[in-house]
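This report looks at how strands are arranged and how charged side chains pair in one protein chain. Please keep the sequence and the model at hand while reading.

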Amino acid sequence: MYQSDEKWKKVLLGEILKLKSGVLRPKNILSTPDLVNSVPVYGGNGILGYTKEVFSEQRLLVIGRVGEYCGCVHIANPPNWITDNALYSEKWFDDTVDFDFLAAHLSHLNLNSFHRKAGQPLITQGVLHNLEIFLPSLPEQRAIARALQAVQRAK
């Protein structure tokens, strides 16, 4: 992914943050936002619609929990709503981890490959909390995140 002179430290994702399932989706979801219903509702595969109700006023890391695309990673800017088909970053334990770097890193890891194989594809908090990841120093994380964001903007 990236070469560095510094050694990257190995940590469990559960040492960085606590993931939690969202809640039932609101009843009044529109497919496109309007002046009243502009809060994005995140499900297992990303934004599934818009509502006027607010689940969180925080920026959240969202990971699809259920469905064909479980494991997909999104950033939900506030305000937002997270359904029970997704996991979200309820609490952060480590302030030496850059939010945008972690989102990009988890996307790169193809979390879908960790889903339960039987029946409906599903990825659990337990599996993700025990996922080993490697982290560079915070300045390197920020530099990598900025570079990746520049590439995304250029696309």
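## A charged pair between two strands

In this predicted model, Lys20 counts as partly exposed, with a relative accessibility of 38%. Its salt-bridge partner is Glu90, and the closest N and O atoms of the two are 3.6 Å apart. Glu90 also counts as partly exposed, at 31% relative accessibility. The pair links distant parts of the chain, since Glu90 belongs to strand 8 and Lys20 to strand 2, 70 residues apart. Through salt bridges that share partners, Lys18, Lys20 and Glu90 are joined into one network.

## The sheet

An open sheet of four strands, paired in the antiparallel sense, has the order 2-8-5-6. Strand 2 (17–21) and strand 6 (73–76) stand at the edges with a single partner strand each, so one side of each has no neighbour in the sheet. On average, and with direction ignored, neighbouring strands of this sheet are turned by 35 degrees against each other.

Strand 5 (residues 60–64) pairs with strand 6 over four antiparallel bridges, and Leu61 has Ile75 of strand 6 as its bridge partner.

## Other salt bridges

The whole structure holds six salt bridges. One of them joins Lys9 to Asp94, with the closest N and O atoms 3.8 Å apart; because Lys9 lies in strand 1 (residues 9–12) and Asp94 in the loop between strand 8 (86–92) and helix 2 (99–108), the pair ties together parts 85 residues apart in sequence. Lys9 is partly exposed, at 39% relative accessibility, whereas Asp94 is buried, at 17%.

Asp98 forms a salt bridge with Arg142, the closest N and O atoms lying 3.9 Å apart. Asp98 is buried at 14% relative accessibility, while Arg142, at 40%, is partly exposed.

Definitions and conventions
Residues numbered from 1 in each chain as written. Predicted model: local features only at pLDDT ≥ 70, side-chain atom pairs only at ≥ 80, totals over all residues. Heavy atoms only, no water. Pairing = 2+ DSSP bridges. Helix = DSSP H or I, 4+ residues; strand = E, 2+ residues; numbered from the N terminus. Axes fitted to C-alpha atoms, helices over the stretch in contact; angles between N-to-C directions. Salt bridge = Lys/Arg side-chain N within 4 Å of Asp/Glu carboxyl O. Buried < 20%, exposed > 50% of the residue type's maximum accessible area, 1.4 Å probe, protein only.
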